[in-house]
Amino acid sequence: MLRISHYLRALAGQSPPPRTSPPGSSRAPVVIWTLLRRCNLTCKHCYATSADSPFRDELDTRAALQVIDDLHAAGVRVLILSGGEPLLRDDLFELSAYARAKGFFVALSTNGTLIDERNIEQIAAAQFDYVGISIDGLEATHDEFRQLKGSFAASMRAIQLCREQDIRVGMRTTLTQQNYPQLPALLDMLHEYDVQKFYLSHLNYSGRGKRSRTLDAHQQMTREAMTQIFQRAWQDIENGRDSDFVSGNNDADAILLLHWVQQHMPQHSEYLHDMLQAWGGNASGSGIANIDNTGEVHPDTYWWQHSVGNVRQTSFRDIWLDQPQPLLQQLRQHPRAVGGRCAQCRWLSICNGNTRTRAWAEGNLWGEDPGCHLSDSEIGLPPQQRIPCAAL
């Protein structure tokens, strides 16, 4: 995840640089916990391929509480409760209260459609540090992408209710060809609804997202979208607004940010370069972990095709820190041993090979990331040799 606003605030002298660990180091990660796989929606980009039905062998309450103890013992302090749709889990508030009592930063990741006047006070009382709600375009686009008419209206009402309860809210958007033209309107909604955070997620080719990769935004669309976000983030900083813009699932965004700063405030470009170098790019398998609904541990939420252990049989500390599988060790190499354009990229030490699951979807886990939006000249590749045509 690229913390755009944090870096820009550091350049403006309003905050220290984001805290980082040495790239590739073994560390207690941010854990995204897929509490259950069931969901009331069937979104086209769902990594979990969820459906509105029960799934077998999920962790019960007792096992889930033990997982929280296990994570705490391993040094984990940031826990994102996700799904499926976590509000469908009867013990959600028991689990979140237990985690908060142990000192975790606890966030709720939801589609928002189940937040209404009947449960908003209970959600407020849970004191989530942050509630992220997915909005994937304006009404018709969102409803079609989420495959439920009325889902947009329900999710926007959820945002409104959360803000009325003074809950910190974020809006998450997965960029596609369909919603790219609507991005300015979506960004305007942040001010209209007093939303504090905007998370632009690039499409990852996993679960239903693998089948929907033809919907992925073209490279030029992606670049233009990121430029809009950089501009909005900087405008908010200049206007004294406490907003937080981040992007995820395309670590090449960091290079676009560096180029944008070189163009608009070149005096700060060296400082930003050093901060991004310390950040180190993609952190799957090191700074990010996923626990799925059955206790399997994955390098991140898009790696469900590979487990590195199960918390029912082995402690999270053993899985992640003390006895990591070879895959985790490979992911923690910095820079990673990747091929194709990534291997020759001048920015590899910042990006770290970007998102490996997109490369895997193309048939080579360690190949180049097909989602990279940087040109050959930008990454330092020599111009292609052209064969001159003989005159007729």
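A salt bridge is a side-chain nitrogen of Lys or Arg within 4 Å of a carboxyl oxygen of Asp or Glu. The exercises below apply this to a predicted model, in which the count comes to 15 salt bridges.

**Exercise 1.** Find out which residues are joined with Arg163 into one network by salt bridges that share partners.

*Solution.* Begin with the side chains of Arg163 and Asp194, which meet in a salt bridge at 2.6 Å, taken from N to O. Arg163 belongs to helix α6 (residues 151-164), while Asp194 sits in the loop between α7 (183-192) and β7 (197-202), so this pair ties together parts that are 31 residues apart in sequence. Next, turn to Asp166, with which Arg163 also forms a salt bridge, the closest N and O atoms being 3.9 Å apart; this value still satisfies the rule, because the limit is 4 Å. Since Arg163 takes part in the bridge to Asp194 and in the bridge to Asp166, the shared partner joins Arg163, Asp166 and Asp194 into one network.

**Exercise 2.** Decide for each of Arg163, Asp166 and Asp194 whether the residue is buried, partly exposed or exposed.

*Solution.* The cut-offs needed are under 20% relative accessible area for buried and over 50% for exposed, with partly exposed in between. Arg163 has a relative accessible area of 17% and is therefore buried. Asp166, with 63%, is exposed, whereas Asp194, at 34%, counts as partly exposed.

**Exercise 3.** Work out which parts of the chain are tied together by the salt bridge between Arg312 and Asp57.

*Solution.* The closest N and O atoms of Arg312 and Asp57 are 3.3 Å apart. Arg312 lies in the loop between β10 (297-298) and α12 (316-322), and Asp57 lies in the loop between β2 (30-34) and α2 (61-73), so the bridge ties together parts that are 255 residues apart in sequence. As for accessibility, Arg312 is partly exposed at 36%, while Asp57 is exposed at 54%.

**Exercise 4.** Describe the surroundings of Arg336, starting from its place in the chain.

*Solution.* Arg336 is found in the loop between α13 (326-331) and α14 (340-344), and it is buried, with a relative accessible area of 3%. Leaving aside neighbours within four places in sequence, the residues in contact with Arg336 include Asn282, Leu331, Arg356 and Trp366. With Asn282, the contact is polar and runs from side chain to side chain at 2.9 Å; with Leu331, the side chain of Arg336 reaches the backbone oxygen, at 2.9 Å.

Definitions and conventions
Residues numbered from 1 in each chain as written. Predicted model: local features only at pLDDT ≥ 70, side-chain atom pairs only at ≥ 80, totals over all residues. Heavy atoms only, no water. Helix = DSSP H or I, 4+ residues; strand = E, 2+ residues; numbered from the N terminus. Buried < 20%, exposed > 50% of the residue type's maximum accessible area, 1.4 Å probe, protein only. Contact = heavy atoms within 4.5 Å. Polar contact = N/O pair within 3.5 Å; in protein donor to acceptor, adjacent residues only side chain to side chain.
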